[in-house]
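Biologist: Could you take me through this one, starting with how the chains meet and then turning to the DNA?

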2 protein chains.
Amino acid sequence: MALLDTVVMRSLSIQGALSSEDKALLMGLELSPRHISASEVLWEEGAEADLFCVLKEGWAYSYRNLKNGSKQILKFYLPGDIIGMRDFGFTRRLSSAEMINRGVIYPLSYQQLFELFGRSSLAVGIMATAIRQQALLSERLIYLGQYAAHEQLAHFLYEIYLRLKRIEAVEDNSFIMPLTQQLISDALGMSPVHVSRTFSMLREEGLVFRDRHHVKLPDPEALARLVEFNDSYIDELLPPMFTEFLRASP
Amino acid sequence: MALLDTVVMRSLSIQGALSSEDKALLMGLELSPRHISASEVLWEEGAEADLFCVLKEGWAYSYRNLKNGSKQILKFYLPGDIIGMRDFGFTRRLSSAEMINRGVIYPLSYQQLFELFGRSSLAVGIMATAIRQQALLSERLIYLGQYAAHEQLAHFLYEIYLRLKRIEAVEDNSFIMPLTQQLISDALGMSPVHVSRTFSMLREEGLVFRDRHHVKLPDPEALARLVEFNDSYIDELLPPMFTEFLRASP
DNA sequence: CATTTTATTTAACTTATATTAAGTTATTCT
DNA sequence: AGAATAACTTAATATAAGTTAAATAAAATG
């Protein structure tokens, strides 16, 4: 029932777009409220991702702890929001979640979510695709908020490198990147001039060589260490739990 | 077939998680490649959102034009990525999309996506929820990248205000916000000292009054104008096309 | 109630990045 | 090929925001 109190579902219901079958499914979910105290941690980054929560009362937030000791908050959750969907389709949590004040949540397992998806692997796959996009966006947000220009650029380049490698567009640590510094500056929110300066800095350190659209990262792992790159959000494999479940479907 | 070339779907297929029924569905999609030239605009912010594209060749990006004349790029798309999922569940595009170099795309209508979802309104609702989260994140990213501290904070407060109004937690333009300045600084990526300074600035301009957890926005619309707030991404209503289609389902 | 802790404000100083402008190098066009 | 345009680099200056630290105010604790 709690899922019906959720922002989008409530309006779906009001708009008359929920079939009786859908409603039956929602009613059939066995959900029990859990009272939860202020500052209680719902989960930590890196923990197994197996459930999400409908927030009924209280405020919560998701965040990442950063190497420099600060944290970046990704989102504040208010009553009616769903916490933990961000990790659906990943094996481990990409961010931690914590209550702010005390409140009430309804935990829901990913298994139960599968059922709502009608056990359709296509629906799950599309959902996972959307969530992966969100993960990329979150990482960019973290770098925008908290890191210096050279770290932002290094992170950006390493992400592009990984994504290109995945589609076999990297050879000998080199790739074609058809972007102007203007475009890069629009993505990273810094001035084009500073993008140029920052490329020079990375070149002097021997980390990045660039000639127009040709980019070479002589030691990609060194770049990754510089930005403490956690590549789990790039990974395209769905967790074993997902594929086992989907294979077992009728 | 193009959807099978997509990053997540390909791995789903490799992991053996696609039923023969799913594969038949994918095969049954009538997709025709479209060659597309460099700098071609796929769609503009505000246009009707009715399809997405599987990017087969070339690079593209999505972005928002900002009032100050700059643009914020939200994402670069590489071959195998899906462009335009960000808007699924909204009536209009929240961001523009443009090719960088020339390439090939496979357009796919949201109607076709419905079919893949097995016409389940629950799956669509959950997907729409996830996408709305992403929209919030995108807006935050835009403000982080491009705006001054007082605009960021104003935008943040106005968003909270709207979200609270939706759940009837605003009375007389006032609400309870159980956040410390430390938490706000962690969300906006600025120092706690500067959050305090910025609150003082907004107070002097008569826009925001705050006493601990009590916040009053005497003139919310003035705040909205300051940040050129586009509230379409907050809206929880699904487009008419969605609900009509879902109501018509068996 | 007094004490400690936590949150906020204010001020002085520092720094990273923006801005402007001028110079250089590539690329495109005729 | 030569001219025009776009992309990039370098340097000087300006400014918003960071940092540190000390003062005040509120909340939590015993």
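Modeller: The contact between the chains takes 72 residues from chain A and 72 residues from chain B, where two residues are in contact if their C-beta atoms, placed from the backbone, lie within 7 Å. This is a predicted model, in which local features need pLDDT of at least 70 and side-chain atom pairs count only at pLDDT 80 or more, while totals for chains, interfaces and linings use all residues. Residues are numbered from 1 along each chain as its sequence is written, and chains are lettered from A and ligands numbered from 1 in the order in which they are written.

Biologist: Which element gives the largest share of the side of chain A that touches chain B?

Modeller: That is α4(A), with 21 residues; helices (H or I, at least four residues) and strands (E, at least two) are DSSP runs, numbered from the N terminus.

Biologist: And how do the residues on that side of chain A divide by class?

Modeller: They divide into 41 nonpolar, 22 polar and nine charged, with Ala, Val, Leu, Ile, Met, Phe, Trp, Tyr, Cys and Pro counted as nonpolar, Asp, Glu, Lys and Arg as charged, and the others, Gly among them, as polar.

Biologist: Switching to α6(A), why is it largely enclosed?

Modeller: Six of its eight residues are buried, so α6(A) is largely enclosed by the rest of the structure; a residue is buried if 20 or more other C-beta atoms lie within 10 Å of its own, with C-beta atoms placed from the backbone. The buried residues are A:L183, A:I184, A:S185, A:D186, A:A187 and A:L188.

Biologist: What do they pack against?

Modeller: The buried residues of α6(A) pack against α5 and α7 of chain A, together with β4 (60-65) and β5 (71-77) of chain B. Just after α6(A), A:G189 takes a positive phi of about 70°.

Biologist: Now the DNA: which residues are closest to strand C?

Modeller: The closest to DNA strand C are A:M190, A:H194, B:T180, B:Q181 and B:S196, among 17 residues that surround the strand, a residue being near if its C-beta atom, placed from the backbone, lies within 6 Å of the strand. The most residues there, six, come from α7(B).

Biologist: And what about strand D, which residues are closest?

Modeller: Around DNA strand D there are 17 residues, and the closest are A:T180, A:Q181, A:S196, B:M190 and B:H194. There the largest share, six residues, comes from α7(A), and the surface has seven nonpolar, seven polar and three charged residues.

Conventions:
A residue is buried if 20 or more other C-beta atoms lie within 10 Å of its own, exposed if 12 or fewer, and partly exposed in between; C-beta atoms are placed from the backbone.
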